[in-house]
Amino acid sequence: MSSNLNTSLEHRLATKTTPKKQLEAVEGKFGKDKKDSDLVKIIHQLTKVLEQHRGERQIVVIQDFPDPDALSSAWAYQLIAANYEISCDIVYGGILSHQENITLVKLTGLPATKYVHTALQEEDLSVYKGCVLIDSQGTNSQLYSVVEAAGIPLIVVVDHHSKQGEIKAEFVDLRPQTRATATILTQYIQSGMLEFDSNNENHVKCATALMHGLRSDTNRLMQAKEEDFIAAAYLSRFYDSQLLNAIMQSARSRRVMNVIERALRNCITKKNFSISGVGYLRYDDRDAIPQAADFLVTEEDIHTAVVYGIVHNEDDDKELVIGSLRTTKITLDPDEFIKETLGKDIQGRFFGGGRHLAGGFEIPVGFLNGFNDNAEYTKLKWEVFDRQIKQKLMRLVEPDDSVIATD
Ligand SMILES: [Mn+2]
């Protein structure tokens, strides 16, 4: 594997294309319509920014509970940046909780490291000359505030979620209309920022990861658009279909099944919405929530499912209400829906956001935080959150209906 990598590095160094040459090649390949000329501009900008930071070390922050799109895109960025002798450490603050993601990371050797935010605070972060956000704008990461506080400048942001606030970075590629960040990174690669080599084991694995990321963010290509298919077609020349199959075969754990079962039992349906609170769940099972939402939205006559629960993080003894929204209704904007129903916290940050057909939120339990041995109290606490969330959601689902119950 390493010899392959070395050969390809040597090859790349020997045939090192200048940014200008590379750009000419990109213009030759694309540049036919507006979209293509936009891409040429983007590649030009990114090349310039990476060139300016040649030889530096960067920290790549992805969401706390990384999904295949985030993981594979961060990896692709790491490989691209290596062409500019930039070394990247990919970090996330939460946990890999979805079975498929655990398998993905295991089977591909995907280079991402879990960090508890308090542990990252203790690290010497001055080695990093820049921070990179991939498939995120920092709002879904507890590590980003640590990196920000350490004064590390934000260099690159590549994301497809709707804008979550002002972003100040040297290079920003924010495309809410694009289905997957993996599509964007694949475009960078296809444009010549990285020469994929099917004899390079690492490239094959990264292409497989990107294919998985792209597929999972487009509901197995069912919501894919032309650009996603083009990206997938390109990746098909390099990816390992058996490896992808092995990743997708990973089985659901019993505990995830239990959460799905609870979601099914507790769900209420109104006007084609399915809303379900699943109560308390372990931090490790956090990803059961989007999986339950994925499942509920498959019911006949349901176009939108929202599933939420209280997750307890043992690392810092914090509790969070975590929720996921899945919709098949094209006219429903998950980002807008979540922002409008749940609003902002006292610091003025939204509790969540979304992208095309999917969204998520996190609400700190705050003053009511912490485990309590008293079952009655614990139950009461859940009921307060459950009712509050249902009430807020219902205001949008069924605006005319009064749902304020005081009895
Ligand atoms: Mn994504």
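The paragraphs below lead through two sheets, the helices packed on them, one helix with its two neighbours, and a glycine in a strand.

The structure is a predicted model, in which local features need pLDDT of at least 70 and side-chain atom pairs count only at pLDDT 80 or more, while totals for chains, interfaces and linings use all residues. Residues are numbered from 1 along each chain as its sequence is written. Helices (H or I, at least four residues) and strands (E, at least two) are DSSP runs numbered from the N terminus, and two strands pair if DSSP finds at least two bridges between them.

One open sheet is formed by 6 strands in the order β3-β2-β1-β4-β5-β6, with parallel pairing. Its edges are β3 (112–114) and β6 (171–174), each of which has a single partner strand, so that one side of each is left without a neighbour in the sheet. On average, and with direction ignored, neighbouring strands of this sheet are turned by 25 degrees against each other; such angles run from 0 to 180 degrees between N-to-C directions, and axes are lines fitted to C-alpha atoms, for helices over the stretch in contact. At the β6 edge, strand β5 (residues 154–159) pairs with β6 in the parallel sense over 4 bridges, and the bridge partner of Val157 in β6 is Val172. Helix α3 (residues 34–52) packs on the sheet by touching β5 and β6, and its direction makes about 145 degrees with that of β6; contact here means that the C-beta atoms of two residues, placed from the backbone, lie within 7 Å. Helix α4 (residues 68–82) also packs on this sheet, where it touches β1 (57–61), β2 (87–92), β3, β4 (130–134) and β5, with its direction at about 165 degrees to that of β2.

Another open sheet has 6 strands in the order β7-β8-β9-β10-β12-β11, and its pairing is mixed. Because β7 (268–270) and β11 (352–355) stand at the edges with a single partner strand each, one side of each is left without a neighbour in the sheet. Neighbouring strands are turned here by 15 degrees against each other on average, direction ignored. The edge strand β11 is joined by 4 bridges to strand β12 (residues 358–364), to which it runs antiparallel, and Gly352 stands opposite Phe361 in β12. Helix α14 (residues 334–342) packs on the sheet and touches β10 (318–327), β11 and β12, its direction making about 165 degrees with that of β11. Helix α15 (residues 375–397) packs on the sheet as well, touching β7, β8 (273–282), β9 (304–313) and β10, and its direction makes about 160 degrees with that of β8.

The strands β11 and β12 form a hairpin with 2 residues between them, and Leu357 in the turn has a positive phi of about 65 degrees. Both faces of β11 are covered, since Gly352 and Gly354 on one side and Gly353 and Arg355 on the other are all buried; a residue is buried if 20 or more other C-beta atoms lie within 10 Å of its own, exposed if 12 or fewer, and partly exposed in between.

Strand β8 contains Gly277, which counts as buried because it has 23 C-beta neighbours inside 10 Å. Apart from neighbours within four places in sequence, Gly277 is in contact with Asn266, Tyr308, Gly309, Asp386 and Ile389.

Helix α10 (residues 226–235) has as its buried residues Asp228, Ala231, Ala232 and Leu235. They cover an arc of only 100 degrees around the axis, which puts them on the same side of α10; the arc is that of the directions from the helix axis to the C-beta atoms. The face turned away from this buried side carries the exposed residues Glu226 and Ala233, and what covers the buried residues includes α8 (181–193) and α9 (201–217).

Two packed helices are described by the angle between their axes and the distance between the axes. The axes of α8 and α10 come within 9 Å and cross at roughly 55 degrees, and these helices are therefore oblique to each other; angles under 35 degrees count as roughly parallel, over 145 as roughly antiparallel, 65 to 115 as roughly perpendicular and the rest as oblique. Their contact is made by Thr183, Thr186, Gln187 and Gln190 of α8 and by Glu227, Asp228, Ala231, Tyr234 and Leu235 of α10. With α9, the packing angle of α10 is about 155 degrees and the axes are 10 Å apart, so α9 and α10 are roughly antiparallel to each other. Here Ala207, Leu210, Met211 and Leu214 of α9 make the contact with Asp228, Ala231, Ala232 and Leu235 of α10.
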